[in-house]
Amino acid sequence: MKDRDIKSFTRKELEDALLARGEKAFRAVQIYSWMHERLASGFDEMTNISKSLREALEEEYDYTNLEIVEIQRSKLDGTCKYLFRLADGNMIESVLMRYHHGNSVCISSQAGCRMGCRFCASTIGGLVRNLEASEMLDQIYRIQRDTGERVSNVVVMGTGEPLDNYENLLRFIRILSGEHGLHISQRNITVSTCGIAPRIRQLADEDLAITLALSLHAATQEKREELMPIARKYGLSEVLEACAYYFEKTGRRLTFEYSLVGGVNDRPEDARRLAALAKPIHSHINLIPVNPVTERKYVQPDKKVIGNFKKELEKYGINVTIRREMGRDIDGACGQLRRRYLEKSEQGGGDEC
Ligand code: SAH
């Protein structure tokens, strides 16, 4: 299947494939542009390509074109959640957030997830499969086409663990930031990981300028294990050393994400420990008041507790923000739209969407 997925081809691979069929190299330039700049939804839109070649390509290749199943629009801030159907029937979701500095899209990197973080809805049904590079790209392409507005920032923070789908992630980043695609600056691409230490090191060596966000969520090994099973495999110190290496190699400041869970990791003492961990690494802390998930028992701390936690970190000179909640009215935590849909289908009511 993989070598048929034409939208995951790099420009060079596309050129090689077309030369091998006796076509001229400039055809690859045209077709690549149709796919990645003009965001064509199929070969039939490629009007400067002969009908016979279009038909031959149609025969030979799969053309990823995600189907929009549902869009939830926030009345508060223009945030939109998209539910997409993949060619094999799997569902994924993406979020468009409109900021004053531009539009940002949060994409999924896998259908489901196998990391098992306790507070996360995306992991409840386990991992179904990795997404192809084309399926990650097309979430952005469909949203840009649907809104007619340019996407300037991409965060890989939707369902899935991007570093668990490493090869496809890299291909995705290179196509997305390449000058013949949407050409989104790597500085405007953020990849969030639960902390697969060897992959963080590998990523540091790829010569990319993307931002890495680490989901920290706890400042001790014990508490982190409680919230994130993956922490048993890659301990806190190993992960932080990998982050320090990432900064050393790329010069890119890291983001530490810390989901604040009421009564679990929100005490002043937790803040002090967190400050001590973050201080030696050039970083920024993003506090995320936990999004309650129907299936989970976790709750957000009081506003006052959140404010105090931030102040405590600032006392130690830590750069910290509280994540602005976008699309409150359509929300539910990450992965909940997909979950809701899956539940409905399990009950036999899924086709009404
Ligand atoms: N697997 C990657 C990216 C996906 S999750 C990672 O772990 O980083 C994106 C961020 O949202 C992570 O920091 C994750 O821990 C956080 N998150 C997931 N569910 C959440 C919830 N219910 N409330 C708050 N943050 C959540």
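These legends accompany several close-up views of a predicted model.

**View 1. Two domains and the contact between them.**
The chain splits into domain 1, residues 6-60, and domain 2, residues 67-346. Fifteen is the number to look for on each side: the contact draws 15 residues from domain 1 and 15 residues from domain 2. Measuring from centre to centre over C-alpha atoms, domain 1 and domain 2 are 33 Å apart. Together the two domains bury about 1200 Å², and carbon and sulfur atoms account for 51% of that area. On the domain 1 side, Lys7, Ser8 and Leu39 are worth labelling, as they provide 46% of the area this domain buries against domain 2, more than any other three residues. Three salt bridges are counted between domain 1 and domain 2. To see a salt bridge made by Lys7, look for its partner Asp138, with N to O at 2.8 Å.

**View 2. Leu39 and its backbone angle.**
Leu39 sits in the loop between α2 and α3, the latter being residues 51-60. What is the sign of phi at Leu39? It is positive, about 55°, although Leu39 is not a glycine. Most residues other than glycine have a negative phi. Leu39 is also buried, with 5% relative accessibility.

**View 3. Helix α5 and its surroundings.**
Helix α5 covers residues 166-177, twelve in number. From first C-alpha to last, α5 spans 17 Å, close to the expected 16 Å. Is α5 largely enclosed or largely open? Nine of its twelve residues are buried, so the rest of the structure largely encloses this helix. The buried residues of α5 include Tyr166, Leu169, Phe172, Ile173 and Leu176. Asn168 and Ser177 are also buried here. For the neighbours, find helices α2 (25-36), α4 (133-147) and α6 (197-204), along with strands β6 (127-130), β7 (151-156) and β8 (189-193): the buried residues of α5 pack against these elements.

**View 4. His183 and Ile184, side by side in one loop.**
Stay with α5 and follow the chain into the loop that leads to β8, where you will find His183 and Ile184. His183 has a positive phi, near 60°, and is a residue other than glycine. His183 is partly exposed at 46% relative accessibility, whereas Ile184 is buried with a relative accessible area of 0%. Which residues does Ile184 touch, leaving aside those up to four places away in sequence? They are Val151, Ser152, Val154, Leu176, Ser177 and Ile189. Two of these contacts, Leu176 and Ser177, are buried residues of α5. For a sense of distance, the C-alpha of Ile306 is 34 Å from that of Ile184, and the two are 122 residues apart in sequence.

**View 5. Salt bridges around strand β2.**
The structure has 22 salt bridges by count. One of them joins Arg85 to Glu67, with the closest N and O atoms 2.8 Å apart. Arg85 belongs to strand β2 (residues 80-85) and Glu67 to strand β1 (residues 67-73), so this pair ties together parts that are 18 residues apart in sequence. Both partners are partly exposed: Arg85 has a relative accessible area of 25% and Glu67 one of 40%.

Another pair starting from β2 is Lys81 with Glu93, at 3.4 Å from N to O. Here Lys81 in β2 is linked to Glu93 in strand β3 (residues 91-99), twelve residues away. Are these two charged residues buried or exposed? Lys81 is buried at 4% relative accessible area, and Glu93 is buried at 4% as well.

**View 6. Arg129 with Asp88, and a salt-bridge network.**
Arg129 pairs with Asp88 in a salt bridge whose closest N and O atoms are 2.7 Å apart. Arg129 lies in strand β6 and Asp88 in the loop between β2 and β3, so the bridge ties together parts 41 residues apart in sequence. Asp88 is partly exposed, at 46% relative accessibility. Elsewhere, Arg267, Glu269, Asp270 and Arg273 are linked in a network of salt bridges.

**View 7. Cysteines without disulfides.**
Searching the whole structure turns up zero disulfides. Cys80 is in none, and its nearest cysteine sulfur, in Cys106, is 14 Å away. Cys80 is buried, at 3% relative accessible area. Why does Cys113 form no bond with Cys120? Their sulfurs are 6.5 Å apart, which is too far. Cys113 is buried too, with a relative accessible area of 8%.

Definitions and conventions:
Residues numbered from 1 in each chain as written. Predicted model: local features only at pLDDT ≥ 70, side-chain atom pairs only at ≥ 80, totals over all residues. Heavy atoms only, no water. Disulfide = S-S within 2.5 Å. Buried < 20%, exposed > 50% of the residue type's maximum accessible area, 1.4 Å probe, protein only. Helix = DSSP H or I, 4+ residues; strand = E, 2+ residues; numbered from the N terminus. Expected span 1.5 Å × (residues − 1). Contact = heavy atoms within 4.5 Å. Domains from an automatic or database assignment. Buried area = accessible area lost by both parts, 1.4 Å probe. Salt bridge = Lys/Arg side-chain N within 4 Å of Asp/Glu carboxyl O.
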